[in-house]
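Subject: Handover of a structure, with notes

Dear colleague,

I am passing this structure on to you, and I would be grateful if you could look through it before reading my notes.

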Amino acid sequence: MKNRRCHFLSLASVVFLSIFAPLSANAGDGSIDSSTGNMEFEVNFRYPPSTSQITDAKKSLTLMSQMICDATDGQVQVTDIRLTGGAVEEDKAAFWYYSGPFRSGGSIFSDGSSLTRLGSHLSLSDSAQFRADVLAHEMGHHAFGLGEQYDEQSRFGGPCGIGRGFEAANLGERDHSLMQQSGSAVCVGGADDGDFCRWDSECGSNNCQPELMSEFSVVSNHDLLQGNSTEASCTDSFYTGGYNTITSRWESTMQTLWHGGDSDWETLVENYSFITAPAGKPIEAPQANCFIAPTFDEDISGSDQVLLVIDRSDSMSWSSRDDIVEVCDNGSDDDGDGDVDEAECAESRISFVAGAGRAFIDLQRNAGIEVGLQQFNSNNNIVRSIAALDSSNSNAFKTDIDNLNPSGTTAIGSALEDSLVHFNSVAAAGRSQTAFLLTDGYSNSGPDPESKVQDLKDADIRMFTIPAGSAADVEGLSELAAGTGAYMIAADPIDELTAIYAELAGQYSGAGLILPRTPFTLLGNDKYWEEDCKKTQYCDRENFQEQEKARLGSAIARGGKADAQQAFELIVEKNADALVAFISGRNQHMNTWSLNLELHSPDGSVFKNGSPEFVYDPYYIFFRIPNPAAGSWKLIAEASSASVQESIVLSFVENPKPKLLADVRPRIVDPSTPVSISASPIYAIDIEGGISLKGKVTRPDGSVKSISLVHDKMGGTWTADFNDYVGNGVYEVTLDLNVNAGAKTMLGESIFDGPERMPIDVVPFVRSKTLSFHVIKGSYPECKNDDCDGDGIPNKRECGFDMDKDGVPNVWDTDSDNDEIPDSVELLWDKNKNGIPDSCDNEKGKYDDLIQQLKLLFLLESRALDSVCDKQFKLAIQQVEQSITTLKELIEISGDAADELMRLYEHQSKLYEVLQSGKLQCEEVVKVRKELEEISRSILAVLEKLNQ
């Protein structure tokens, strides 16, 4: 019995934290701070708990924390526990709490990394979750990687077995292990002294303390009676030497067999180098810090809140393709060849950003979540406050996304500051807070984003990051995401954004991916030539056919072989709530993207373009089929345009039971270190048997390596190590899970009460998962052509080795000087007339950025005038409002040019007043446009002169 004078703090003394109280959550999402020994982790309720159940859970977790602290002689102390509910935060939790009876258990890693791996957790039954002794035992597995030390002569019902660590005669308060589960918690003092208890209030003395449940084994007392042979009927090599021929029993513990004979404390020291083992036996009396209660952060009920954080800096106006400079339909001669908006053009980056945002809104409409929109450049603001998203406001939300206007620099740190403020303002209504941050560059103004990561952690905000294009700060964005319990998904090329946001939308709502993002190419259909001619006003058929040949070659390189028709199989399990089949376009000119689709059901039903289940947007198409029939569905796609069709398809199923949770560690790695890929197959709870887990790693040079995840029967884990690197860059991991009819819910630990498995029949299903990691500090992949980065500039014409000192050689860097203007554009410029292309020139004019931003602003006002003639007066007013806001920002940074910009400001202000009055007619637009052009030419002439 432990020192009876020690008494744990009552629950009344627990300090409860709001969502913005300081924490130090790690990505995975538990952690043990090596400098303090402080442990924190999350618990996810798989059912809606009552107030009393939440209170009881806190009581049992509080007593568990004392046991863990005592067992480590005060070197590890549980300080913070977050309680969550729902699917959004489930992959971060260490414990999953269920409402039904079964034997608790789950998968564990011998190195203690379960605590920090997304998706890794232990499952607790309705009774076990309220027993501190069971929780402490399970935490010994999860956080410390310790093996069992209880007796199980028929392990998992088979011919092999394990023995107990301490014989009954040797048990004592300094001679036992939490992993043997020899004791429990008992009342200390009073009439019920020695009776089993769960917490203080169950004892007359109000003192519930652990008995034979507060220590770990050391060298001198660990597993003193071990095996000396192997029983013939046991063929599993793991148990070799564990059988004792003298006692005719299995005597070696799982801890001994799993860790090469090491005691608990030896394993603790190996897994956590800051821990010091006791010189002899453990100290019996708890350390003083073990009586400090953990703080609880309760985020079980409320709304799931999302903030879309979108970069609208000047670089977003550039081409979405590294190899094509001209931007379609922007009224500018981007490539400097004298022609404006010629046919050989590509969509702007912001157009694909807008498409991605609209897709997220369409897929999340009426999903019961709250969504907001934040834009940022050198400044940032909340465009739409976080609020319930439904059919009544989704179109207005998409309009706000469409109206994002590129200008200014990239201030990611400032954006993070403002997102924190906004999340704080709505935190009372939320149970989970998630941001999706998209940017195409590096933070080049405002505070350092890295300085804000801790604030995001402390606020329990997950910040998923989407670097768009080849010039984005992949390393920094990966660190930002990993530091908040999220991860990065790279969109390179940028035209993958729409499909990525569709995947994020499905993943966020708890849907399961059944077809991962798959690029494909369709041959154009010549019968649509006349229709295309009318639509695009491009009717030079001979030239079109020549360009199509070039586009076809490029499309095949990006999306595989081209066919007139492509079909995709979608496997849907029984009892699914909905099936979503999603296709996004990635044509270089999206007004030529046009597909005919058919979705064939196993029962023979066919869904087509125009069906009630069909949703269309110029950048994406999807079907959402409620209550889909189980079996094999087929999605068939054909071109309905004369142009080559480039697309990406993916599909997911809405069903809360089947899941594939996964992680890759570390997320940022040097070439000498392998990454560990882990996965957790789930059908309501962890499952085993009848499982195939395979995958692939797509490397930065485009090559693909297959991987197979290996099942460790002892730990129950699925893992694969990978180190077949080709150099620096982003590596994308795609996992494919196939569960057949032989799968069952996982066996629980035999020492616990209840059915050995959760009584659920597992139905066959498939799931996929995409992850990524980033290799740094190595070489770059071997370049097999004369333009490594695909920016249209031959390697031999790139400027030096690494102009901007970002660690990326110029031959691999599409923005070599890190000014957010692509090298392919600057190669055509020489604004300071020194004979050096701007892509190679660090001595640029003072007003270069201002000139470019003004050109975009003139374009925005011109579009506003077009809207007047189209009778879209509300849109015209919004566009001029944006123009005025942007101009105010530019005046602040314009220096000697401020007086010139004030002329434009006065012009815009007058135009705004006229628009508000409703007096501006289309026939007057010509005059207003002429005034704008005169002012524009004057301002640009002054700026060019000041620039020299």
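The notes below go from the overall make-up to the cores, the sheets, the cavities and one single residue.

Please keep in mind that this is a predicted model, in which local features need pLDDT of at least 70 and side-chain atom pairs count only at pLDDT 80 or more, whereas totals for chains, interfaces and linings use all residues. Residues are numbered from 1 along each chain as its sequence is written, and side-chain values use heavy atoms, with hydrogens and water left out.

The protein has 17 helices and 38 strands, where helices (H or I, at least four residues) and strands (E, at least two) are DSSP runs numbered from the N terminus. Of its 948 residues, 59% are buried, a term that stands for under 20% relative accessible area, with exposed meaning over 50% and partly exposed in between (1.4 Å probe, protein chains only). Among the contacts (heavy atoms within 4.5 Å) with a separation of 6 or more, 75% are between residues 24 or more positions apart.

The largest nonpolar core, meaning a set of buried Ala, Val, Leu, Ile, Met, Phe, Trp, Tyr and Cys residues joined through side-chain atoms within 4.5 Å, has 80 residues, and those touching the most other members are L308, F436, L497, Y501, L570, L579 and L599. Helix 5 (residues 349-364) contributes the largest share of this core, with nine residues. Another core, of 65 residues, lies apart from it and includes F144, C160, M179 and M714. To return to L497, its contacts beyond four places in sequence are F352, V353, A356, L438, I466, A468 and A491.

Turning to the strands, two of them pair if DSSP finds at least two bridges between them. One open sheet is made of four strands in the order 20-26-22-23, with antiparallel pairing. Strand 20 (565-572) and strand 23 (606-608) are at its edges with a single partner strand each, so one side of each has no neighbour in the sheet. Within this sheet, strand 22 (residues 595-600) and strand 26 (residues 631-639) are joined by six bridges, and H600 is found opposite K634 of strand 26.

Strand 21 (residues 578-585) deserves a separate look, since eight of its eight residues are buried. On one side these are A578, V580, F582 and S584, and on the other L579, A581, I583 and G585. Strand 21 runs antiparallel to strand 25 (residues 620-626), with seven bridges between them, and I583 stands opposite I621. It also runs antiparallel to strand 27 (residues 645-654), here with eight bridges, and A581 faces S651.

As for empty space, a cavity is a set of points on a 1 Å grid over the protein atoms alone where a 1.4 Å probe fits but cannot get out, and its lining residues have an atom within 4 Å of a point. Eight cavities of 30 Å³ or more were counted, a volume being the space filled by probe spheres set on the points, which are joined across faces, edges and corners. The largest cavity holds about 440 Å³ and is lined by 27 residues, with Q507, Y508, A511, L661 and K769 nearest its centre. Strand 28 gives the most to this lining, namely five residues.

Finally, S60 lies in helix 1 (residues 51-71) and is buried, with a relative accessible area of 0%. Beyond four places in sequence, S60 touches Q129, F130, R131, A132, L135 and W199.

With best wishes

Key
On a 1 Å grid over the protein atoms alone, a cavity is a set of points where a 1.4 Å probe fits but cannot get out, and a pocket is an open set with protein on both sides within 12 Å along at least five of seven lines; lining residues have an atom within 4 Å of a point.
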